[in-house]
Structures are given as structure tokens and as C-alpha cells.
Amino acid sequence: EVDLEWAGKLHSFFAECGYAVVFAQYGNKKSGYMGVTLAWPTKIYEALEVEISKMTDTAPKDAWPKSQQQSLSNFGYMTYDGLAEVLGCRPRVQGSSDDEWNLAQTR
């Protein structure tokens with residue numbers, strides 16, 4: 001996995017060493033246009049066909065499960081008890097009727 005700048009440098013290096021190189025870019029400007037590079041020695045292997053594609057574009061239309069919109073709990077991906085275990089105390093639920101004294105007693 002390399003960015004666009006390294007892809008060019010690696011291409012030149014491998015070409016000098018007798019390798020064929022393919023770079024498939026998937027990233028954007030923020031990631032430096034990341035992609036994957038594959039190189040193979042041309043004395044040993046011959047590329048009869050190279051297909052560069054995105055897997056999700058080649059799969060049958062209904063191959064991927066439909067995303068289900070799940071709303072997060074007040075504690076993100078954790079349950080109340082799970083967050084309490086991580087924090088070492090019971091988290092306060094917004095909008096609860098606990099006053100500060102009752103909250104302090106639970107800690």
C-alpha cells in the first residue's frame with residue numbers, strides 16, 4: 001500500500017530491476033492518493049491481462065447486504081452496563097431525575 005508519490009518512485013525502481021508494475025489508486029488528496037502496487041519479474045511471469053477494478057463495482061447488484069440504519073444508544077456502541085464497566089462507575093443518564101447527591105452515592 002503506497003501513496004501516489006511512492007508509486008512513481010517504486011515504478012522506476014522496479015522497472016530498472018526488470019519488473020512490471022501496476023498501481024491501482026483508491027485514495028484521495030487527504031491520503032496522498034493511496035493505492036496498492038503489485039510488481040512481478042518479467043523474466044519469470046508474463047501479464048496476459050490486467051484488470052483494475054473496485055470489488056463493489058464488479059459484484060452482482062444484490063450481493064451486498066442492505067445497510068440497516070441503527071440508531072446509537074446514549075452511550076454510543078456500548079450498553080449502559082458496558083460503559084459502566086469501562087468507566088468504573090455508573091454513567092449519568094441525561095435527563096434523569098437524579099440530583100447531585102444521588103449521583104455522588106453511585107460513585
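## V2 and what it touches

Leaving aside residues up to four places away in sequence, V2 touches A7, L10, F23, Y33, M34, G35 and T37. This is a predicted model, so read every contact here as part of a prediction. V2 itself lies in the segment before α1, and at 14% relative accessibility it counts as buried. The label follows because buried means under 20% relative accessible area.

Another way to place V2 is by C-alpha distance. V2 and S31 are 29 residues apart along the chain, yet their C-alpha atoms are separated by 9.9 Å.

## T37, on the other side of that contact

T37 turns up among the contacts of V2, and V2 turns up in turn among those of T37. Again not counting residues up to four places away, T37 touches V2, A7, V21, V22 and F23. A7 and F23 are on the list for V2 as well and on the one for T37.

Where does T37 sit? Its place is in strand β2, which covers residues 35–41. T37 counts as partly exposed, at 26% relative accessibility. In space, T37 and V21 are 6.9 Å apart, C-alpha to C-alpha, with their positions 16 residues apart in sequence.

## Y33 in the loop

Y33, also touched by V2, has its place in the loop between β1 (19–25) and β2. Its backbone is worth a look: phi of Y33 is near 55°, a positive value in a residue other than glycine. Y33 counts as partly exposed, with a relative accessibility of 32%.

## Helix α1 and its charges

Helix α1 runs over residues 4–16. It has 13 residues and reaches 19 Å from its first C-alpha to its last, close to the 18 Å expected at 1.5 Å a residue. After α1 comes G18, whose phi is positive, near 80°.

How many salt bridges does the structure hold? There is 1, and the side chains that meet in it are those of K9 and E5, at 3.1 Å from N to O. Side chains of opposite charge can pair when their charged atoms come close. The spacing along the helix helps explain this pair: K9 and E5 are 4 residues apart in α1, so about one helical turn separates them. E5 is exposed, with a relative accessible area of 51%, while K9 counts as partly exposed at 45%.

K9 has a second partner to check on screen. The charged end of K9 sits over the ring of W6, 5.3 Å from the ring's centre. So if you click on K9, look for the salt bridge to E5 and the ring of W6.

## An aromatic cluster

The structure holds 2 aromatic pairs. In one of them, the rings of F13 and F14 have their centres 5.4 Å apart and their planes at 70°, so this pair is edge-to-face. In the other, F14 and Y19 have ring centres 5.4 Å apart and planes at 50°, so the pair is tilted. F14 takes part in the pair with F13 and in the pair with Y19, and F13, F14 and Y19 form one aromatic cluster.

Are these rings buried or exposed? Each falls in between: F13 is partly exposed at 46% relative accessibility, F14 is partly exposed at 21%, and Y19 is partly exposed at 32%.

## Cysteines

If you're wondering about disulfides, the structure holds 0. C17 is partly exposed, with a relative accessible area of 43%. C89 counts as partly exposed too, at 23% relative accessibility.

## The chain as a whole

Stepping back, the protein chain has 4 helices and 2 strands. Read along the sequence, these follow the pattern α-β-β-α-α-α.

What share of the residues is buried? Buried residues make up 13% of the 107 residues in the protein chain, and V2 is one of those that count as buried. As for contacts between residues at least 6 apart in sequence, 26% join residues at least 24 apart.

Conventions
Residues are numbered from 1 along each chain as its sequence is written. Side-chain values use heavy atoms; hydrogens and water are left out. A salt bridge is a side-chain nitrogen of Lys or Arg within 4 Å of a carboxyl oxygen of Asp or Glu. Buried means under 20% relative accessible area, exposed over 50%, partly exposed in between (1.4 Å probe, protein chains only). Rings of Phe, Tyr and Trp (its six-membered ring) pair if their centres lie within 6.5 Å; planes under 30 degrees apart count as stacked, over 60 as edge-to-face and the rest as tilted. A charge sits over a ring if NZ of Lys or CZ of Arg is within 6 Å of the ring centre and within 35 degrees of the ring normal. Contact means heavy atoms within 4.5 Å. The expected span of a helix is 1.5 Å times one less than its number of residues. A disulfide is a pair of cysteine sulfur atoms within 2.5 Å.
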